[in-house]
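Trainee: Could you take one pair of packed elements in this model and look at it closely with me? I'd also like to know how it fits with what the rest of the chain does.

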Amino acid sequence: MIYPWQQTQWQQISRLISSERLPHALFLQGNQGLGKVEFSLALANALLCQQPLADLHACGHCPSCKLLAVGTHPDLHYLKPVAKKDSKSKKPALSIRIDDIRDLCEILNQTSQFSGYRIAIIEQADQMTLAAANSLLKTLEEPGREVLIILLSARAHRLPVTIRSRCQSVRFSVPDEDLSCRWLAEYIAASETDSSLNEKQLRQLIKQAFGSPLSAFKLISQRDQQQVLAEALTAAVSGKNSLDYAATLAKFNKLNMLEQVLCWVSDLNKLMSCGNESAIINELYRNKLQGMAEKASQKRLFQFYDQLNLNILHSSITLNEQLMWENLLLSWDNL
Ligand SMILES: [Zn+2]
């Protein structure tokens, strides 16, 4: 599926296909929630389809397309981070390991089943271990004919330069807020999700999702989690104990929640630096945030920002999440 904000990138790729200059490795980069996975699948489908349409999209009817639709096409291979097989942890660290990459490269070296492209999509490629990344290098250098490796990442800087430099980059940027808002309203209507949200609430969701429309949609189903986070972060000004929320926060997706805390840091910083009238994301909590802004110190806020970023950077490491939240909430309460 090609989303409305991906037209430029699709045209860029279409031109490369039409002129037979498609490279053997592409690196799709851009924030989470911009639809890179769907884009890579649409591209794979287009290349594997036996009767592609004039605009290069897959026909949807040929034998290849039928296999693609049920996820069993023998020339399309998909890798994403998984937990170690023997892991007993409830929330194990996810990564792409050397054995997975070796198996993938071996398959790519074999002849194609449909005498066409052999395609590999590696989702969250930044989660490859260093050994896995090194093992992919050789195939990236000598991929063989009609092999396409598509790497995807929302955190491009985490991928070794040696990998990045061997791929042609395709960048996805955050769409204009009006476009996102229109798309989100239509998508909510089509998916029969709770459609009681008005335009102001949709725009707030888009801001909370850092402009990514698909992430904004996901936030709708995570409203209960957002609520817990908001209550935890405003507990001190509401006369409650923020630490009471740590155990519940530890049950949610760590990275999602930590990135949401970034919105709160940004709001508080705006209120402290630009005054009470500043536009903020967590509008519902403006009064409480203003109360915090009056007594908080900018220096401590920046220290908190560093602490938060460190947790985001190391989010794939397994640790006691309740303890992590307790530490963060303590620092937040003492801003
Ligand atoms: Zn087809």
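Mentor: Happily; we'll start with a pair of helices and then move outwards. Numbering starts at 1 in each chain and follows the sequence as written. The model is predicted, so local features require pLDDT of at least 70 and side-chain atom pairs 80 or more, while totals for chains, interfaces and linings take in all residues.

Our pair is α12 (residues 254-274) and α14 (residues 298-313), whose axes lie 10 Å apart and make an angle of about 165°. The two helices are therefore roughly antiparallel (an angle over 145 degrees between N-to-C directions). In passing α14, α12 makes a left-handed crossing (the near helix turned anticlockwise from the far one by less than a right angle).

Now the residues themselves. On the α12 side, the contact involves L255, L258, E259, V261, L262, V265, L268, N269 and M272. Facing them from α14 are Q298, L301, F304, Y305, L308, N311 and I312. Contact here is C-beta atoms within 7 Å. Sorted by class, the α12 contact with α14 comprises twelve nonpolar residues, three polar and one charged (Asp, Glu, Lys and Arg are charged, Ala, Val, Leu, Ile, Met, Phe, Trp, Tyr, Cys and Pro nonpolar, the others polar).

Stepping back, the chain holds 15 helices and seven strands (DSSP runs of at least four and at least two residues). Its C-alpha atoms fill a box of roughly 70 × 45 × 30 Å along the principal axes. Of the 335 residues, 33% are buried (20 or more other C-beta atoms within 10 Å; 12 or fewer is exposed, in between partly exposed). Among contacts between residues at least 6 apart in sequence, 71% join residues at least 24 apart.

For another helix packing, try α9 (residues 213-221), where P213, L214, S215, A216, F217 and L219 are buried. Those residues pack against α7 (177-191), α8 (199-208) and α10 (223-233).

As for domains, the assignment gives domain 1 (4-171), domain 2 (174-220) and domain 3 (222-333). The C-alpha centres of domain 1 and domain 2 are 28 Å apart. Seven residues of domain 1 and ten residues of domain 2 take part in their contact.

Finally, two backbone details to check. L56, in the loop between α2 (36-48) and α3 (63-69), is not a glycine yet has a positive phi of about 75°. Q124, in the loop between β5 (118-122) and α5 (130-141), also isn't a glycine, and its phi is near 50°.

Terms used: Two residues are in contact if their C-beta atoms, placed from the backbone, lie within 7 Å. Axes are lines fitted to C-alpha atoms, for helices over the stretch in contact, and angles run from 0 to 180 degrees between N-to-C directions. Angles under 35 degrees count as roughly parallel, over 145 as roughly antiparallel, 65 to 115 as roughly perpendicular and the rest as oblique. Domain bounds come from an automatic or database domain assignment.
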